[in-house]
Amino acid sequence: MTYPLALLLTVLLLQLCCAGAQATPKPFAALPGGGLVFKPVMSMRERRFANLVQQKTDFSCGAAAMATLLNEAYGRRFSEEDVIQGMLAGADPQQVRTMGFSMLDMKRYAQELGLRARGYRLQPQQLIEVKVPAIVLMDIRGYRHFVVMQTSNDGWVYVGDPVLGHKKMMLEEFAQGWNGIVFALIGPGYDRQNALLTPPEPLTARHRLDQFAPVKDAELMEFGFLQSDFF
């Protein structure tokens, strides 16, 4: 049995949009006779923040980044509020309100959880050697902001931003705002297959223009299409 080209393209698009994401199955009347196909569907916003803890206050980017790292890499189940309360116990509340949390606050909190925290100064070209997700401090137009550096390869850096979600940055662009320090957690319970190491590709045309090419008529005919289907 052959199926219309529009149907096959619709199913393919759904697979591309939902690949690698946890989502609720939704029914689609896509089969002959009104038969339903159930495909996992996730909104763009949900996909943007998949496996990330979203920042909810002006000063809590460090807490959200820390919660993301603890949850995904070490199997914890912390909310942003849990981490805020934990780090406030050893921090100056007034300084946190004005400056946000520091790497020292994160280090103290990690030690309370039985983990070691280390800061490493690296050159941008060395980021490809970092094989675990880590927290980095960025300067974005004068605003200091903690994000999770998930992985780096092929001249790109994949970032989990507590405000903007998953981002893909050119290494040169990333290096311009990065302070040169990678803050990593070390300890028992680390998941070597954690989701942060395989971040989703951005859903933007700018990153996909060089990944698509027209399918030739001969290739379509191999899947059961007839010459008359092309007119």
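## Briefing on a predicted protein model

Not counting residues up to four places away in sequence, Ser60 touches Gln55, Glu80 and Ile84. Ser60 is placed in the loop that lies between α2 (44–48) and α3, and with a relative accessible area of 0% this serine is buried, because the cut-off for that class is under 20%. The model is predicted, and the mean pLDDT of the protein is 81, with 68% of its residues reaching 70 or more.

**Confidence along the chain**

- Confidence in the protein is highest in helix α3 (residues 61–74), at a mean of 97, and lowest in helix α1 (residues 5–18), where the mean is 45.
- Over residues 5–21 the pLDDT stays below 50, and this stretch has 15 contacts in the model beyond near neighbours in sequence.
- Where pLDDT is low, the predicted coordinates should not be read in detail.

**Nonpolar cores**

- The largest nonpolar core has 32 residues, of which Met66, Ile135, Phe146, Phe183 and Leu185 touch the most other members.
- At least two residues of this core are supplied by each of α3, α4, α6, β4 (134–140), β5 (143–153) and β8 (178–186), and the element that gives the most is α3, with 10 residues.
- Phe183, one of the core residues that touch the most other members, is in contact with Met66, Met103, Met106, Lys107, Ala117, Arg118, Gly119, Ala134 and Ile135, once its neighbours within four places in sequence are left aside.
- A second core, separate from the largest one, consists of 16 residues, among them Val130, Ala134, Met138 and Val147.
- Ala134 is therefore a member of the second core while also being among the contacts of Phe183, where contact means heavy atoms within 4.5 Å.

**The cavity**

- A search of the whole structure finds one cavity of 30 Å³ or more, and the space in the largest cavity amounts to about 30 Å³.
- The lining of the largest cavity is formed by Gly86, Met87, Gly90, Asp105, Arg108, Tyr109 and Glu112.
- Two elements, α4 (80–88) and α6 (103–112), give two or more residues to this lining, and the largest share, four residues, comes from α6.
- Sorted by class, the lining of the largest cavity has three charged, two polar and two nonpolar residues.
- Both α4 and α6 thus appear in the lining of the largest cavity and among the elements that each supply at least two residues of the largest nonpolar core.

Methods: Residues numbered from 1 in each chain as written. Predicted model: local features only at pLDDT ≥ 70, side-chain atom pairs only at ≥ 80, totals over all residues. Heavy atoms only, no water. pLDDT = per-residue confidence, 0-100. 1 Å grid on protein atoms, 1.4 Å probe; cavity = no way out; pocket = protein on both sides within 12 Å on 5 of 7 lines; lining within 4 Å. Points joined across faces, edges and corners; volume = space filled by probe spheres on them. Nonpolar A, V, L, I, M, F, W, Y, C, P; charged D, E, K, R; others polar. Core = buried A, V, L, I, M, F, W, Y, C linked by side-chain atoms within 4.5 Å. Buried < 20%, exposed > 50% of the residue type's maximum accessible area, 1.4 Å probe, protein only.
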